[in-house]
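Welcome! Take a moment to turn the model around and follow the chain from one end to the other. Then read on for a short tour of its salt bridges.

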Amino acid sequence: MTDPRRVLFVCARNDVRSPMAEALLRHIDPADFQAFSAGLEAYEIDPRTFESLDHIGVDASGLRSKSLEDFEGQAFDYVITLCDKSSEEASRMPFTGEVMVWSFEDPTISERHDPFRHTLQEIGDRIKMFVTVKTRPVPQAPSVSDSNTSRT
């Protein structure tokens with residue numbers, strides 16, 4: 001069995017989208033992935049983030065806002081940015097095997113009806129796709145028959 005792959009979700013403040021993503025990945029596939037989140041700066045997590053996660057039955061215990069500095073010197077298999085500002089700061093990200101840029105609307109300034117639940121749904125859909133793609137087995141190359149076989 002291989003070690004779980006480390007994933008760091010990054011957003012500007014680590015108060016809504018990145019903690020949502022951390023909790024969702026921990027919920028969806030804790031066997032294959034270790035999920036973390038950070039912000040360019042740490043803020044207090046918006047209470048509506050916890051309410052939205054609780055509404056769909058996702059455990060948010062232990063979630064707290066962290067900054068990139070909290071992860072200095074750590075390696076990640078994937079760093080996934082969730083907003084435009086964090087994408088622009090990708091050079092500050094901890095070492096990673098792959099940087100992925102996702103962008104989701106900030107529900108704190110959205111004019112949509114029930115913006116936190118919409119954002120949670122969109123992030124959840126993307127994470128499910130990520131898990132599906134990153135955990136599917138690598139196809140094996142077809143065996144090549146020996147071209148030097150003797151003929152009778």
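How much accessible surface does the protein have, and what share of that surface belongs to carbon and sulfur atoms? In this predicted model, the accessible surface comes to about 9100 Å², and carbon and sulfur atoms account for 48% of it. As for the residues themselves, the protein has 152 of them, and 43% count as buried.

Let us look at the overall layout. The protein has 4 helices and 4 strands, and along the sequence they follow the pattern β-α-β-α-β-α-β-α. Many contacts reach across the sequence: among those between residues at least 6 apart, 71% join residues at least 24 apart.

How confident is the prediction? The mean pLDDT of the protein is 88, and 88% of its residues reach 70 or more. Confidence is highest in helix α1 (residues 17-28), at a mean of 97, and lowest in helix α3 (residues 84-88), at 74.

Now for the salt bridges. The count comes to 10, and the table shows three of these pairs.

| Salt bridge | Closest N to O distance |
|---|---|
| Arg-26 and Glu-22 | 2.7 Å |
| Lys-66 and Glu-22 | 3.5 Å |
| Glu-122 and Arg-112 | 3.1 Å |

Glu-22 is a good place to begin, as Glu-22 forms a salt bridge with Arg-26 and another with Lys-66. Where do Arg-26 and Glu-22 sit relative to each other in helix α1? They are separated by about one helical turn, because they are 4 residues apart in that helix. Their surroundings can be compared too: Arg-26 has 36% relative accessibility, so it counts as partly exposed, while Glu-22, at 2%, counts as buried.

The partner Lys-66 brings in a distant part of the chain. Lys-66 forms its salt bridge with Glu-22 at 3.5 Å. Lys-66 lies in the loop between α2 (47-55) and β3 (76-81), whereas Glu-22 is in helix α1, 44 residues apart from it. Both Lys-66 and Glu-22 are buried.

The third pair in the table is Glu-122 with Arg-112. Glu-122 belongs to helix α4 (residues 115-135) and Arg-112 to the loop between β4 (96-101) and α4, so their salt bridge ties together parts that are 10 residues apart in sequence. Glu-122 is partly exposed, with a relative accessible area of 29%, and Arg-112 is partly exposed as well, at 31%.

Which residues are linked in a network of salt bridges? They are Arg-13, Asp-15, Arg-17 and Asp-106.

Notes. Residues numbered from 1 in each chain as written. Predicted model: local features only at pLDDT ≥ 70, side-chain atom pairs only at ≥ 80, totals over all residues. Heavy atoms only, no water. pLDDT = per-residue confidence, 0-100. Helix = DSSP H or I, 4+ residues; strand = E, 2+ residues; numbered from the N terminus. Salt bridge = Lys/Arg side-chain N within 4 Å of Asp/Glu carboxyl O. Buried < 20%, exposed > 50% of the residue type's maximum accessible area, 1.4 Å probe, protein only. Contact = heavy atoms within 4.5 Å. Areas by Shrake-Rupley, 256 points an atom, 1.4 Å probe, with all protein chains shown as cover.
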